Amino acid sequence: MGEGYDLVVVGAGPGGSSTAYYASRAGLKTLLLDRQEFPRDKPCGDGLMPHAAGEVAMMGLGDWLEEPHHGRFTGFSIRTATASIRQGVPPTLHGPQGYVIRRDETDAKLLERARSAGAEFRSRTRATKLLRSSSGAVTGLMAENGGGPEGFTAPLVVVADGVGGFEGGMKAHQNAVARRQYFRGVDGPDRDHIHVFMTRDMNASGAGYGWVFYLGDGTANVGAGISTRSLAKTGRNLKDFYARFLEEPVMAQWLRNAEPEGPAKSWSLKMGMWGARRHEQGVMTVGDAASLIHPISGEGVGYAIESGRLAAAWAHEAHRRRDFSAATLSGYARQLLRHRGREHLSGQALVNLVPNMELLEPLFKACEKDGGASRALVESFTGDAPVYSLLKHPRAFGRALRDIAGNRQRA
Ligand SMILES: Cc1cc2nc3c(=O)[nH]c(=O)nc-3n(C[C@H](O)[C@H](O)[C@H](O)COP(=O)(O)OP(=O)(O)OC[C@H]3O[C@@H](n4cnc5c(N)ncnc54)[C@H](O)[C@@H]3O)c2cc1C
């Protein structure tokens, strides 16, 4: 059995690196494992919403956000089948803006911060199994590093393995898939906006959207995400939805002189805080492992970092109490729910209760004409407000309901 630690963290994405950074700063002897070598790519839209940028800055990377090859956005453009909505983004400490930064760079930077705070990092080391005492208490984990199995002892493990397969018992199901590719020379307007396309094709049988997020180096991240419900209902696959998105008239126009940079890559998403266990004796989950992707936007980097920060605080508290019981660690799960439950669970309810997003076209149309309502819509996308905050705009909401009812009668 290898050396002993106060905490072992499985996975060095944003969730794991943030856990290791804050735990190390709080004085915990922390080991961070990842099965991959860094820097490594992670298929993503690369968008850092304002709250996510705030989390990155809190890890000492505020100046790094401003590097010129990073994309910076101050506005949000949403195009649906019938509406076109434009809004400024909610403010951060850096001003009213978010960023677009390639994940190989972001994740390597966050990992660097964890290591400089004192965390020990082992790459190419895949956690395989939790170790428990005869009474069931976690005592560490087993890992595989190519040279054979190795054990690490710790009374506490944070699982930050994204959609990885460690400890199946804690897993939530995957409820969306997404694909992205980089292009050079995308010829669209408003490079200081992020562009969201809720196309009829992606929303007739469920929920989904395409995006164009500009970086600062002349490239753009072009992607599409779609609910697994849509795939099941239509019998089509993600590649097909993505290909059709690129052929939409506006996209075909923007891409007419563009050159792809590398192949398109796909990945799964676990959204909406639904069905994931976030704690048990000796274990907490963070980030995607805790199903913390926003169910409307598909955004998860900021929530992964935030949950890592909270999990590190509870790891510190558990050590202070010398109590790693499920009862103590439930404090983490409750705190997370208090912070993010409203936005995630209401978004999840919307996506699941509305049979397809096309039904909401009258709402988008009403938001187009009402500045307050369109701001609420964008804030429900950026995670700054729960989707039911649209109810605070009764004129737009009432008009949308009348139109939805009228459309259903005519159908
Ligand atoms: C196509 C796409 C677009 C997206 N766009 C955005 C966006 O624009 N903005 C945004 O905020 N979010 C976006 N997301 C979501 C975002 O990518 C995730 O929410 C984010 O990566 C979660 O971070 P994490 O640390 O939880 O997991 P990950 O980033 O997935 O990191 C998990 C790490 O765990 C490691 N690992 C797995 N299993 C093991 C094991 N057994 N042992 C050791 N290591 C292990 C992996 O190698 C990996 O490095 C998108 C997702 C997809 C698929």
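Helix axes are taken here as lines fitted to C-alpha atoms over the stretch in contact, with angles between N-to-C directions that run from 0 to 180 degrees. On this basis, in the predicted model, helix α1 (residues 14-25) and helix α2 pack at an angle of about 40°, their axes being 11 Å apart. The two helices α1 and α2 are therefore oblique to each other, and their crossing is left-handed. From α1, the residues Ser17, Ser18, Tyr21 and Tyr22 meet Glu55, Met58 and Met59 of α2; by class, this contact of α1 with α2 comprises four nonpolar, two polar and one charged residues.

Helix α2 (residues 50-65) also packs with helix α8 (residues 301-321), at an angle of about 45° and with the axes 8 Å apart. That angle makes α2 oblique to α8, and α2 passes α8 in a left-handed crossing. On the α2 side, His51, Ala52, Glu55, Val56, Met58 and Met59 take part, and they meet Gly302, Tyr303, Ile305, Glu306 and Arg309 in α8. Sorted by class, the contact of α2 with α8 contains six nonpolar, two polar and three charged residues. Glu55, Met58 and Met59 of α2, which figure in the contact with α8, are also the α2 residues that α1 meets.

A further packing arrangement is found between α2 and helix α3 (residues 103-116), at an angle of about 135° and with the axes 9 Å apart. Because an angle of about 135° falls neither over 145 degrees nor within 65 to 115 degrees, α2 is oblique to α3. The crossing of α2 and α3 is right-handed. Residues Met59, Gly60, Leu61 and Trp64 of α2 form this contact with Glu105, Thr106, Lys109, Leu110 and Arg113 of α3, and the residues of the contact of α2 with α3 divide into four nonpolar, two polar and three charged. Met59 is thus listed in the contact of α2 with α3, in that with α8 and in that with α1.

Two domain annotations are available from UniProt, both from an unreviewed entry. The annotation "domain: FAD-binding" covers residues 6-165 in the UniProt record; in the model, the end C-alpha atoms of this span lie 23 Å apart, and the span is 26% helix and 32% strand. The feature "domain: Digeranylgeranylglycerophospholipid reductase catalytic" is placed by UniProt at residues 185-249, a span whose end C-alpha atoms lie 17 Å apart and which is 34% helix and 32% strand.

A search of the whole structure finds nine aromatic pairs. In one of them, Phe197 and Trp254 have ring centres 5.5 Å apart and planes at 75°, so the pair is edge-to-face. This pair links distant parts of the chain, with Phe197 in strand β14 (residues 193-197) and Trp254 in helix α7 (residues 249-254), 57 residues apart.

Two features of the backbone remain to be described. Most residues other than glycine have a negative phi, and most peptide bonds are trans. A cis peptide bond, however, joins Phe38 and Pro39, with omega at about 0°, and Pro39 lies in the loop between β2 (30-33) and β3 (47-48). Met273, although not a glycine, has a positive phi of about 60°, and the place of Met273 is in the loop between β17 (259-269) and β18 (279-280).

Key: Residues are numbered from 1 along each chain as its sequence is written. This is a predicted model: local features need pLDDT of at least 70, side-chain atom pairs count only at pLDDT 80 or more; totals for chains, interfaces and linings use all residues. Side-chain values use heavy atoms; hydrogens and water are left out. Helices (H or I, at least four residues) and strands (E, at least two) are DSSP runs, numbered from the N terminus. Angles under 35 degrees count as roughly parallel, over 145 as roughly antiparallel, 65 to 115 as roughly perpendicular and the rest as oblique. A crossing is left-handed if the near helix is turned anticlockwise from the far one by less than a right angle, and right-handed if clockwise. Contact means heavy atoms within 4.5 Å. Ala, Val, Leu, Ile, Met, Phe, Trp, Tyr, Cys and Pro count as nonpolar, Asp, Glu, Lys and Arg as charged, and the others, Gly among them, as polar. UniProt positions are given in the numbering used here, feature names are shortened, and annotations may be inferred rather than shown by experiment. Rings of Phe, Tyr and Trp (its six-membered ring) pair if their centres lie within 6.5 Å; planes under 30 degrees apart count as stacked, over 60 as edge-to-face and the rest as tilted.
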